[in-house]
Amino acid sequence: MALITSDRDRFPNDPWQLVETAHEPGNTGTLETLFTLGNGHLGIRGAHWAAADAELPGSFINGFHEIWDIKHAENAYGFARTGQRILYIPDANNFVVIIDGEMLSLEESTVLDYRRSVDFATGFYECRIVWQCRSGAIVTTRERRAVGYQARGALGISLQVAADRDISADVTSAVVNRQDQPVEDHSAHDPRRAGRHAGRVLLPVRLDGGDGSLRLSWEAAESKQRLGVAVDHWTSAGVQPFDTQVDADDSSVRYVLAVSADEPFLLEKSVSYAMARSVDEDPAETAEAALLPVAEIFTQSEAHYRDYWTTSDIVVGGQAGLQQAIRWNLFQLAQATACADVAGIPAKGVSGSGYDGHYFWDQEVYLLPYLTYTNPGNARQVLEFRHEMLPDARARAKELSVDGALFPWRTINGLEASAYYAAGTAQFHIAAAVAFASNRYAWASGDAEFQRSLGSELLIETARMWASLGFFGKDGLFHLHGVTGPDEYTAVVNDNLYTNVMARFNLRAAAALDHAGIDDAEREFWGHAASRMVVPYDEDLQVHSQDNDFMALEPWDWSTPRSKYPLLLHFHPLVIYRHQVLKQADTVLAMFLQWQDFTAEEKRRAFDFYDPITTGDSTLSACVQGIMAAEVGYGKEALDHFIHALYIDLDDTHSNTIDGVHIASAGGVWSSLVSGFAGLRDQGEVPYFDPRLPAEWGSLAFHLKLRGGVLHVELDHAALRLTFQGGAPLDVDVRGERFSVGNQPVAVTLPTVMAPQPTVFPGPTTASIPLVRALN
């Protein structure tokens, strides 16, 4: 059942805010995700300040994790050995408010008025509640939050208490270690959810406090990472703390005072987090040195988003109903990436513990397009993070008897953390994702220094892996066997098309480098392997096959009840693997990324064949299906897939938004707009556009950072208008015609593109769009 779109009285459609106007039981944890604040380094879930009103509250720092030895029931050589899981950091977003002896909570107290919001334009969270107290007083609480940007470990919180008469107030501000609280482990039958640790994880190192200040630090029991937090409080009228308590799991500062009707009580809480960078560093001292006034933290947030939206906003004309959701997704992308520094981007950003806080191929394929064209400096930092993993990736390659570098499928610290190799380690295509993202960044940014150094090394080491993983068969073709593609419902196959064409790209790109580390024999081998790469094709159906055997599989029984989806939670993997059913777009994704390697007819027939048998069980699928639907000319299907991707979290369509935002899907929303409806394709001779604006939309406008300048794109049904500022004129290809774009707008007339007649393939298939809708 839909959440945000099902009740527009409770969740009004504001283009610059997510707003909730009434509190209702249920969906509390999901809303905590939707109202999260973060900056890519620090994340604060959008929980209410009272413990009774929170379901899954918590705060996170990107990369702060615990490790443990993976215990395999039946071990084998090369299996992942070290588990890794993001940790809940000690959480500062906690208050107890007692008015005239009554503890205020949404569940127990009488609420006269309620409104909370997160403002995309400023990054501010605000919750205002009017309470009818049992004493007769009407009390208004107003909480505001923001995270820092220049100070990326900073959190500012203010809590105001106002009343219509004199009251007695007892307000406690706390820092709670949630990681070591007893919590039910929901991960037993759902691999998407984070598990819990059996023993204590955060060991106290420093516990100091007094006069309203706290200086605390902990060490993770096994990873030995250390985290410090410093907290200062400020109050209006100089109210002094009644008590300050310090404990490993619950430290607090308490204020007891009389509040008059004409003078509200304001409590400001400045929080600073820091991870130790060396064994000698006291992270609590580092955190203390970075403490800022709460007002300055709010100023940093507002300034950041003022700059962000200048070049990152995407505006759809004539569709006010979609603008809020589009900006919410763009806001989540900023929150997941802005201050990540040289680090990865977890699959849930810093909004929750889903997928244990691991980094996947999501960041290269779904997030780096957005970063490359909106914040190329951050894109480079993510690639620098991958480059720092090379020593471990080379060691992992040797362990799997291949050359070069093999990046882990899921990781935090650079080691493989995927215990199920069939859907983990076998996804060798992550190597090509890293190479592809590196090449795209160098192409789009013009960063020659990166291409000469880090970029070349990433391309070369991944190409060496493919060259040794594959082999020339009796047919004289180059094969890649025993791999899993993006579609995790078809695992450990021979010649997965996506893997093969992405490896082919990788080999070609590496062979084209002018680099002293490549000798003539190696370059020649790479070129030959690329030119002889197997690209499976079914002659009978005249459609590319997902792998060598996919067309021989038994079709899935599409009478399966909707309650049995997602399939991975209801069927053993072996049942799924032997059927012709997809978790997500695979061949279709290959044709999007390697757009120049396939004809329009091949793309259309592939979409016609695969779209009906793709369940959409993966949140990474709808955006890709929509992009390709737009390219082949299916306007209705393109818009349907886009709308599904747009509301994956806002409507909790996959029933796991509680564990955090699907950041890669949010990146897919950006790509759906830019690469789907505006038709951008890159890494060719010049940027290429083939627009496909939905009939219902009036226009589409956005910016792209390219070659040191900014390309402004405006699209309507009649024309595409382009302006390029900040550099020499930029050559752009629009539907095969090249234009030089500079400071003056260039308008390109767009003739109508007729929708093709879909191919109907024989077989018991069912369309994925109705299937997904039935799941909502």
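1. In this predicted model, strand β14 (residues 202-210) and strand β15 pair in the antiparallel sense, with eight bridges between them. Within this pairing, Leu203 is placed opposite Glu219 of β15. The hairpin that β14 and β15 form has two residues between the strands, and Asp211 in that hairpin adopts a positive phi near 55 degrees.

2. On the other pairing of β15, the partner is strand β16 (residues 226-235), again in the antiparallel sense, here over six bridges. Trp218 has Leu227 of β16 as its bridge partner. Five residues lie between the strands in the hairpin of β15 and β16, where Lys224 takes a positive phi near 65 degrees. Strand β15 itself (residues 213-220) is mostly covered, since six of its eight residues count as buried.

3. An open sheet of five strands, with antiparallel pairing, runs in the order β8-β7-β13-β18-β17. Its edge strands are β8 (102-103) and β17 (243-245), each of which pairs on one side only. Inside that order, strand β13 (residues 167-176) is joined to strand β18 (residues 250-259) by ten bridges, and the two run antiparallel. Ser252 in β18 is the bridge partner of Ala174.

4. A further open sheet has four strands in the order β27-β28-β32-β33, and its pairing is mixed. The edges are formed by β27 (680-681) and β33 (737-741), each pairing on one side only. The parallel component includes strand β28 (residues 688-689) and strand β32 (residues 730-734), which are joined by two bridges; here Phe689 stands opposite Val734 of β32.

5. Helix α3 (residues 294-312) contains 19 residues and reaches 27 Å from its first C-alpha to its last, close to the 27 Å expected at 1.5 Å a residue. The buried residues of α3 include the aromatic side chains of Phe298, Tyr305, Tyr308 and Trp309, and among the others are Val294, Ile297 and Gln300. As a point of reference for reading such a list, an α-helix has 3.6 residues a turn, so residues three or four places apart point the same way.

6. Which residue makes a polar contact with the side chain of Gln546? The partner is Asp487, whose side chain lies 2.9 Å from that of Gln546. Gln546 is found in the loop between β24 (543-544) and β25 (554-555), and it counts as buried because its relative accessibility is 1%. Leaving aside residues up to four places away in sequence, Gln546 also touches Thr490, Asp495, Asn496, Leu497, Leu582, Asp586, Thr587 and Tyr610.

7. Asp495, one of the residues touched by Gln546, deserves a separate look at its backbone. Although Asp495 is not a glycine, it has a positive phi of about 55 degrees. Asp495 sits in the loop between β22 (478-479) and α10 (497-511) and, at 0% relative accessibility, counts as buried.

8. Two other loop positions may be checked in the same way. Asp652, in the loop between α16 (635-646) and α17, has a phi near 50 degrees, a positive value in a residue other than glycine; with a relative accessible area of 14%, Asp652 is buried. The peptide bond from Tyr565 to Pro566 is cis, with omega near 0 degrees, and Pro566 is located in the loop between β25 and α12 (573-577).

9. A search of the whole structure finds six cavities of 30 Å³ or more, and the largest cavity has a volume of about 190 Å³. This largest cavity is lined by 22 residues, of which Arg440, Phe592, Leu593, Ser671 and Ser675 are the closest to its centre. At least two lining residues come from each of α5 (362-374), α8 (430-445), α13 (587-593), α15 (621-632), α17 (663-677) and β27, and α17 gives the most, with five.

10. The second largest pocket encloses about 750 Å³ of space. Its lining comprises 31 residues, and those nearest its centre are His41, Asn62, Arg152, Met275 and Val342. Strand β19 (265-275) and helix α6 (376-388) each supply at least two residues of this lining, with β19 giving the most, four residues.

Key. Residues are numbered from 1 along each chain as its sequence is written. This is a predicted model: local features need pLDDT of at least 70, side-chain atom pairs count only at pLDDT 80 or more; totals for chains, interfaces and linings use all residues. Side-chain values use heavy atoms; hydrogens and water are left out. Two strands pair if DSSP finds at least two bridges between them. The expected span of a helix is 1.5 Å times one less than its number of residues. Buried means under 20% relative accessible area, exposed over 50%, partly exposed in between (1.4 Å probe, protein chains only). A polar contact is a pair of N or O atoms within 3.5 Å; within protein, one must be able to donate a hydrogen and the other to accept it, and residues adjacent in sequence count only if both atoms are side-chain atoms. Contact means heavy atoms within 4.5 Å. On a 1 Å grid over the protein atoms alone, a cavity is a set of points where a 1.4 Å probe fits but cannot get out, and a pocket is an open set with protein on both sides within 12 Å along at least five of seven lines; lining residues have an atom within 4 Å of a point. Grid points are joined across faces, edges and corners, and a volume is the space filled by probe spheres set on the points.
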